[in-house]
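Please open the structure in a viewer and keep the selection panel at hand. The tour below proceeds from one selection to the next.

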Protein chains: 2
Amino acid sequence: MESTPVTPEQEPLETVERCAGADPEHPRPDGRDRYTISEVAAHTGLSAHTLRWYERIGLMPHVDRSHTGQRRFTNRDLDWLSLVGKLRLTGMPVADMVRYAELVRQGEHTFEERQALLEQTRRDVLGRIAELQGTLAVLDYKIDFYADARRASERAWA
Amino acid sequence: MESTPVTPEQEPLETVERCAGADPEHPRPDGRDRYTISEVAAHTGLSAHTLRWYERIGLMPHVDRSHTGQRRFTNRDLDWLSLVGKLRLTGMPVADMVRYAELVRQGEHTFEERQALLEQTRRDVLGRIAELQGTLAVLDYKIDFYADARRASERAWA
DNA sequence: TATGACCCTGAAGTGCACTCCAAGCAAGCG
DNA sequence: CGCTTGCTTGGAGTGCACTTCAGGGTCATA
């Protein structure tokens, strides 16, 4: 018995939060729009604990509740979590994601600041990729060294 | 007054630990071979605390001491730290670096395991780069969205 | 209606990689 | 000689991102 009917006019939360990060490997459980916390946990790979914690620290845009107070996540929440998952993969600290969530809550006049935040993140990601590629050079150098040394010592026994 | 003369025959520690990760941006302080902890901190960017901590957890191959018990790092230590720095950039956990350091201490018969460890690290780095590139797609998508939206709203005022 | 799986909360705990602290020794300088 | 600066130690503290706990309430099904 779910008391709260789906309010058709929720705050906008921008279509942009909807379409990015379509996730083909975890197909959304069919046509429903109200998921329990464990369903969302299974879908996102986050633990139920983590989902509650995200909500507490302001990283979720106000999750719906059933008449008895249990969380009921919507498809919009799933979309948001998919974006959060991507931002987490960038290495963005949680505090910055909370900041971004705040900006989204504040409406369209924060577009500029949101864009700036994502552009900074983009630069960080590019830098990190470059760093990692730098480590690959050293890794390859040393892997080759060990491979050569082992080949040489085998030849010595032949 | 440095008591311990530089023992010419130290344990091998393999030439490979010497040559990888030559660091052109922090030129080594000229021809010396005995550095204080703060010199090494300045050179590596690590704090003196961290250098002591590295030693305590077994991530350093036994650092030399002056007659009064102060640490005296050698060029070999600097080389090792430069490698450790690279491994740290890969995201390798400290525990794994300690494992690698143990293998180095144990001598040449651990070449195979060392190679395997670095190859696993290499795979991890490649995976991480792919992840990051995946996030770039989402970032670019959303940055474009905000840029377009802002351009559109500017046009609306014109 | 009873049972077992699921959900709720606030608070405390965990693991990682440092980072800082207190108390003390040692070297160089006026 | 005193002062400052730098080094030593063991142990405690920090920040982050969860994770677990204690002590309950709720839901579906037999």
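**A guided tour**

Select A:R65 and DNA strand C: an N or O atom in the side chain of A:R65 is 3.2 Å from a phosphate oxygen of the strand. This is a predicted model, in which local features need pLDDT of at least 70, side-chain atom pairs count only at pLDDT 80 or more, and totals for chains, interfaces and linings use all residues. Residues are numbered from 1 along each chain as its sequence is written, chains are lettered from A and ligands numbered from 1 in the order in which they are written, and side-chain values use heavy atoms, with hydrogens and water left out.

**The surface near the DNA**

Select A:S38 next; an N or O atom of its side chain is 2.8 Å from a phosphate oxygen of DNA strand C. For the side chain of B:Y54, the corresponding separation from a phosphate oxygen of DNA strand C is 3.5 Å. Then display α2 (37-44) and α3 (48-56) of chain A with α3 (48-56) of chain B, the elements that give two or more residues to this surface. Helices here are DSSP runs (H or I, at least four residues), numbered from the N terminus. The largest share, four residues, comes from α3(B).

Widen the selection to the 18 residues that surround DNA strand C, each with a heavy atom within 4 Å of it. The closest are A:T36, A:S38, A:R52, A:R71 and B:T68. Of the strand atoms that come within 4 Å of the protein, sugar and phosphate account for 79%.

**Between the two chains**

Now select chain A and chain B. Contact (heavy atoms within 4.5 Å) joins 41 residues of chain A to 40 residues of chain B. The area buried between them is about 4000 Å², of which carbon and sulfur atoms give 74%; buried area is the accessible area (1.4 Å probe) that two parts lose on being put together, summed over both.

How many salt bridges does the rule find across the interface of chain A and chain B? There are four, each a side-chain nitrogen of Lys or Arg within 4 Å of a carboxyl oxygen of Asp or Glu. To view one, select A:R122 and B:D140, whose closest N and O atoms are 2.4 Å apart. On the side of chain A that touches chain B, α1 (16-19), α4 (75-90) and α6 (111-157) of chain A give two or more residues. The most, 29 residues, come from α6(A).

Note on methods
Polar contact = N/O pair within 3.5 Å; in protein donor to acceptor, adjacent residues only side chain to side chain.
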